[in-house]
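Okay, thanks everyone, let's get going. I'll put the structure up and then walk you through it piece by piece.

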Amino acid sequence: MSTRSSENKIILIQRKTRLEELVVRYNTIQQAQFYIERLGADFSDYISEDFHYRKAVESAVMELGALGRVQLLERQHVPNFIFGDQDTVVVLGQDGLVANTLKYLHEQPLIGVNPDPQRWDGVLLPFTVKDLRHLVPEVFRGQRQVREVTLAKAQLNDGQSLYGVNDLFVGRKTHVSARYQVELNGVTEQQSSSGIIISTGMGSTGWLKSVLAGAMGIARSAAQLQMDGGAAGGARAADVAEAAGIEQRLPWDHPNLYFTVREPFPSRTTSAGLVFGQISSRAPLKITSQMPEDGVIFSDGVESDFLEFNSGVEATITLGEKRGRLVV
């Protein structure tokens with residue numbers, strides 16, 4: 001006889017630990033240990049991390065099993081999994097796993113759980129496994145606060161699409177320069193660069209902040225080396241950083257996206273004027289690929305889950321029509 005308190009369905013997302021990934025690569029724990037210790041690293045840390053994570057998974061399954069029907073889902077199966085409208089999703093973190101799960105949901109509530117608070121900080125992991133017994137019933141009853149998250153969306157002219165919780169990357173698989181045409185607010189430009197990063201409010205303190213911090217640092221150093229023209233350059237970089245909220249965290253439901261072009265190269269046929277800007281629902285960013293091969297669009301740092309973006313394909317970057325919902 002079932003002892004669960006409801007028939008609500010709970011999807012528990014788990015990931016492979018570093019130890020499990022090493023075993024996949026080296027076949028056995030012993031061979032993995034030999035490789036790691038030969039390099040002078042501490043293999044016991046891999047064992048400890050794996051032990052605590054497995055223990056957290058077991059405890060989570062037990063806690064959730066008393067509250068509803070539980071389905072355990074591996075991270076690699078999330079992109080192809082069909083989530084039910086009434087499902088509740090529990091992610092046994094880190095932060096990256098929360099973001100990479102959120103973009104595949106259709107507004108189902110997501111609970112981020114920190115499996116090892118002594119090891120991970122986790123901005124998106126406010127709960128522990130012990131919190132689940134009280135937290136999940138409140139989510140079922142709609143009594144928990146939920147924060148909405150604005151998503152970025154890349155829509156291709158061949159019908160494919162991809163969402164990003166933190167950011168989207170448009171460029172080449174390798175470090176070879178990407179060639180494309182970019183258009184925003186009626187302004188069109190041919191570019192050659194290391195790629196374009198599109199960031200959401202949630203991603204404003206990640207990749208976007210690092211790119212703008214680098215640009216500002218370069219401008220300031222250039223100003224010191226070339227005093228006659230440096231002051232203006234430094235001011236422009238600071239203005240860009242302030243406009244993008246580099247000194248403060250943007251709200252997760254911020255109504256706009258921001259794009260930055262990495263290492264734009266001006267030449268006879270390419271320009272570097274349209275390298276930073278704001279994307280809104282009324283002003284999407286359009287990018288047309290001019291890359292014969294290896295053009296890609298991926299989101300949230302997951303290079304293995306990508307859209308091909310080769311010559312002739314057009315991507316329209318805008319805000320997603322759906323929003324993520326994080327339980328807080």
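Before anything else, one bit of vocabulary: when I say contact, I mean heavy atoms within 4.5 Å. And keep in mind that what you see here is a predicted model.

So, the overview. The protein chain has 7 helices and 16 strands. Its C-alpha trace spans about 75 × 50 × 40 Å along the principal axes. There are 328 residues, and 46% of them count as buried. The chain exposes about 16800 Å², with carbon and sulfur atoms supplying 49% of that. Now look at the contacts between residues at least 6 apart in sequence: 71% of those join residues at least 24 apart.

Let me start with helix 4, residues 95-102, since that's where the contact definition comes in. This helix is mostly covered, with 6 of its 8 residues buried. Those are Leu97, Val98, Ala99, Asn100, Thr101 and Leu102. And what covers them? The cover includes strand 1 (9-14), strand 3, strand 4 (110-113), strand 5 (146-156), strand 14 and strand 16.

Strand 3 is worth a stop. It runs over residues 88-92, and Thr88 is found in it. Is Thr88 buried or exposed? It's buried, at a relative accessible area of 4%; the cut-off for buried is under 20%. If you list what Thr88 touches, leaving out residues up to four places away in sequence, you get Lys9, Ile10, Ile11, Pro109, Ile111, Val139 and Phe140. Take Ile10 from that list: Thr88 and Ile10 sit 78 residues apart in sequence, yet 4.9 Å apart in space, C-alpha to C-alpha.

Okay, over to the N-terminal helices. Helix 1 covers residues 18-26 and helix 2 covers residues 29-38, and they pack at an angle of about 100 degrees, with 8 Å between their axes. Angles of 65 to 115 degrees count as roughly perpendicular, so helix 1 and helix 2 are roughly perpendicular to each other. On the helix 1 side, the contact is made by Leu22, Val23 and Tyr26, and on the helix 2 side by Ile29, Gln31, Ala32, Tyr35 and Ile36. By type, the residues of that contact divide into 7 nonpolar, 1 polar and no charged.

Next, the sheet. It's an open one with 6 strands, in the order 12-11-10-7-14-15, and the pairing is antiparallel. At the edges you have strand 12 (276-279) and strand 15 (306-308), each pairing on one side only. On average, neighbouring strands in this sheet are turned by 20 degrees against each other, ignoring direction. Zoom in on the strand 15 end: strand 14, residues 295-299, pairs with strand 15 in the antiparallel sense over 3 bridges. Within that stretch, Val296 has Glu308 of strand 15 as its bridge partner.

Which strands does helix 6 lie across? Helix 6, residues 207-225, lies across strand 7 (167-172), strand 10 (195-199), strand 11 (257-262) and strand 12, and it runs at about 50 degrees to strand 11.

Now strand 13, residues 285-289, which is a nice one to look at side chain by side chain. The side chains alternate: Leu285, Ile287 and Ser289 point to one face and are buried, whereas Lys286 and Thr288 point to the other and are not. For pairing, strand 13 goes with strand 8, residues 178-184, in the antiparallel sense over 4 bridges. There, the bridge partner of Gln181 is Thr288 in strand 13. Strand 13 also pairs with strand 16, residues 314-327, again antiparallel and over 4 bridges. In that pairing, Ile287 has Ala315 of strand 16 as its bridge partner.

Last item, two backbone spots to click on. Glu263 is in the loop between strand 11 and strand 12. Its phi is near 45 degrees, which is a positive value in a residue other than glycine. Glu263 is exposed, with a relative accessible area of 61%. Then there's Asp294, in the loop between strand 13 and strand 14. Phi of Asp294 is near 65 degrees, so to speak another positive value in a residue other than glycine. Asp294 is partly exposed, at a relative accessible area of 28%.

That's my tour; happy to go back to any view.

Note on methods:
Residues are numbered from 1 along each chain as its sequence is written. This is a predicted model: local features need pLDDT of at least 70, side-chain atom pairs count only at pLDDT 80 or more; totals for chains, interfaces and linings use all residues. Side-chain values use heavy atoms; hydrogens and water are left out. Axes are lines fitted to C-alpha atoms, for helices over the stretch in contact, and angles run from 0 to 180 degrees between N-to-C directions. Angles under 35 degrees count as roughly parallel, over 145 as roughly antiparallel, 65 to 115 as roughly perpendicular and the rest as oblique. Ala, Val, Leu, Ile, Met, Phe, Trp, Tyr, Cys and Pro count as nonpolar, Asp, Glu, Lys and Arg as charged, and the others, Gly among them, as polar. Two strands pair if DSSP finds at least two bridges between them. Buried means under 20% relative accessible area, exposed over 50%, partly exposed in between (1.4 Å probe, protein chains only). Accessible areas come from the Shrake-Rupley method with a 1.4 Å probe; for residues, only the protein chains shown count as cover.
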